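Please go through the sequence and the structure shown here. A short report on the fold and its contacts follows.

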Amino acid sequence: MPKILVIVPFALDEAGVARRKNQLKAVKLDPQSEFHFRPVKAGPTSFMSPHDWTLMDLAIFEAGAEAQAEGFDAVCIDTMSDSGMAALRSVLDIPVVSPGRASMLFALTLGSKFSVLAQWPPAIVRYKKAIAEYGLAQHCASVRSFDIPPDFDALLEGKQESAFPRMLEVCMRCVEEDGADVICLGSTTMHQAAAWLAERLPVPLINPGPLTYKLVESLLALKLAHSRACYPRPQAPKLPMLHAMLDAAAALSPAMRPSVVAVSKPPPEK
Amino acid sequence: MSEENRRAREAQLQVVQLDPGIDFHFRPVRAAPANYTSEHDSVLADISIVDACKNAQAEGYDAVCIDTMSDSGLAAARSLLDIPVIAPGRASMLAALMLGERFSILIMWDRWRHLYRKTIAELDLGARCASIRSIGVAPDNQALLAGKEDKVFPLLLEAARACVEQDGAEVILLGSTTMHQAHGYLAERLAVPVINPGPLTYKLAEAALALGLKHSRKAFPKPLAPRVDLIDAMFKDLRP
């Protein structure tokens, strides 16, 4: 039975991890597959600047670096930023799947132009950078935000009434004004809105986390993994150093609690 | 197509672990071009595949896979059907980019090149395609590679190695589902992933069903005046 490690990109406590794990319910999976969710030991508390991106790359890399030795058959990364994916692929032979590039490529199997729904304006720059890097700019109709600051712990919980209709309105602009054939949810943290939006949109909506679970099952069944020619192994791996770095960082900051994520909480509603 | 030759296609199911709750039915088209080497053939291929699947939804099917890298009939079938319709051409190039940055396509003969050029142009993936290499052996779309293993497999391996070592391919695509019998041989011997296009479509169909996803109606609008009857009439009394 395949054992799959899902790396949660923030140092969340149990309740926070459970909210991520709910993504499993959105898709029919092989009953034999076992998904284990593991948060990073330490990392950024926001995700909007190159400082945050670098920390997250490192944190995710560390969380999954031993996955193969631990007996996992594959790794999923629970962030559209694809943070840590390239580094993990360089040290692992098992499939490592992350939803950013994968959901854009998958979108192109369903239509010819996709839009990405971003959480808030500061998130947009990173999508633009990634889309250019992936060579998909011509296929991207737009990146639009619904302008509500993210909460990486509570996600959209309790915000259904305020957030969902705004998300829908922005998706409809992507379709009607920008010409999107497919909408990519810009973050796995938006998963609680996926079913609600999908029911109301005239185009397919990609829920990135569940997509990675099916892609991992597909790759395992097809006996495929990333190309070693694209992700060469390090000549001198320094994984013990990597682990020591993250252990030291974890000792400094406890698992993320609501008080710690306050920096990314929305302003009080008027 | 004879029952034996149809089974040579169906054998693609054996190389991949599939959901035991899913039934795959292999149906040959009612008439077809002799091969896929010119625009004459492409048009006939399109209509023959649309004919074969035009009623799939009404017949109770949950999804359709099209067994050709040319993606023949894909767009028209999607415009008619609300169930997922999957073909391996576009899909295997996009899947390759989930595993590496550059892919090469391994083909039997040069007469197939136009098929991939069209898809690569549509997807604007020219910069991602390291090469298309042919072994210069005329394909047999009925018996496939049966009986030609000793001659053809080493030629394919040699060409694939040239794709990797000389052209910079990080992923190899088999250029046709009719090459599936060579997949295991090549995958064992190459240092990069080799995509077997038919089995990929079976897993993508499973994924589409599990995720509740299908093609975008905006990209594949329904016809205002569908003439499924007309397509049916073209094939009904045809004796190819």
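## Chain B: overall build

In this predicted model, contacts in chain B between residues at least 6 apart in sequence are mostly long-range: 70% of them join residues at least 24 apart. Chain B holds nine helices and six strands. Of its 240 residues, 46% count as buried.

The C-alpha atoms of chain B occupy a box of roughly 50 × 40 × 35 Å along the principal axes. A compact globule of 240 residues would have a radius of gyration near 18 Å, and chain B has 18 Å, so the two agree.

## Chain B: two domains

The domain assignment splits chain B into domain 1 (3-87 + 199-236) and domain 2 (89-197). Domain 1 of chain B is thus written as two segments, and domain 2 of chain B as one. Their C-alpha centres are separated by 22 Å.

Across the boundary in chain B, 18 residues of domain 1 are in contact with 23 residues of domain 2. On the domain 1 side of that contact, α1 (3-10) and α8 (197-211) of chain B each supply at least two residues. The largest share there comes from α8(B), with four residues. By class, this side of domain 1 of chain B has nine nonpolar, seven polar and two charged residues.

## Chain A: two domains

Chain A is divided into domain 1 (3-99 + 211-258) and domain 2 (100-207). The C-alpha centres of these two domains of chain A lie 22 Å apart.

In chain A, 21 residues of domain 1 are in contact with 20 residues of domain 2. α1 (14-21) and α8 of chain A each give at least two residues to the domain 1 side. The largest share, three residues, comes from α8(A). That side of domain 1 of chain A divides into twelve nonpolar, six polar and three charged residues.

## Chain A: strands β1, β3 and β4

Strand β3 (residues 74-77) of chain A pairs with two other strands, β1(A) and β4(A). With β1 (residues 3-8) of chain A the pairing is parallel, over four bridges. Here I7(A) stands opposite I77(A). With β4 (residues 96-97) of chain A the pairing is also parallel, over two bridges. C76(A) has V97(A) in β4(A) as its bridge partner.

In a regular strand the side chains alternate between the two faces of the sheet. In β3(A), A74(A) and C76(A) point one way, while V75(A) and I77(A) point the other way. Are these residues buried or exposed? All four named residues are buried. For each of them, therefore, 20 or more other C-beta atoms lie within 10 Å of its own.

## Chain A: the four-stranded sheet

Another part of chain A forms an open sheet of four strands, in the order β6-β5-β7-β8, with parallel pairing. Which strands lie at the edges? The edge strands are β6 (140-145) and β8 (205-206) of chain A, and each pairs on one side only. Strands of a sheet pair through backbone hydrogen bonds, either parallel or antiparallel.

At the β8(A) edge, two bridges join β8(A) to β7 (residues 182-185) of chain A, and the two strands run parallel. I183(A) stands opposite L205(A) in β8(A).

## Chain A: helices across the sheet

Two helices of chain A lie across strands of this sheet. Helix α4 (residues 99-110) of chain A lies across β5 (114-118), β7 and β8 of chain A. It runs at about 160° to β7(A). Helix α6 (residues 160-176) of chain A lies across β5, β6 and β7 of chain A. Helix α6(A) runs at about 155° to β6(A).

## Where the chains meet

The contact between the chains takes 33 residues from chain A and 36 residues from chain B. On the chain A side, α4 and α8 (208-222) each supply at least two residues. Which element of chain A gives the most? α8(A) does, with seven residues.

By class, the side of chain A that touches chain B has 19 nonpolar, eight polar and six charged residues. α8(A) thus serves two contacts: it supplies residues to the side facing chain B, and to the side of domain 1 of chain A that touches domain 2 of chain A. Helix α4(A), which lies across β5, β7 and β8 of chain A, also supplies at least two residues to the side touching chain B.

Notes:
Residues numbered from 1 in each chain as written. Chains lettered and ligands numbered in written order. Predicted model: local features only at pLDDT ≥ 70, side-chain atom pairs only at ≥ 80, totals over all residues. Pairing = 2+ DSSP bridges. Contact = placed C-beta atoms within 7 Å. Axes fitted to C-alpha atoms, helices over the stretch in contact; angles between N-to-C directions. Domains from an automatic or database assignment. Nonpolar A, V, L, I, M, F, W, Y, C, P; charged D, E, K, R; others polar. Rg over C-alpha atoms; globule rule 2.2 N^0.38 Å. Buried ≥ 20, exposed ≤ 12 C-beta atoms within 10 Å, placed from the backbone.
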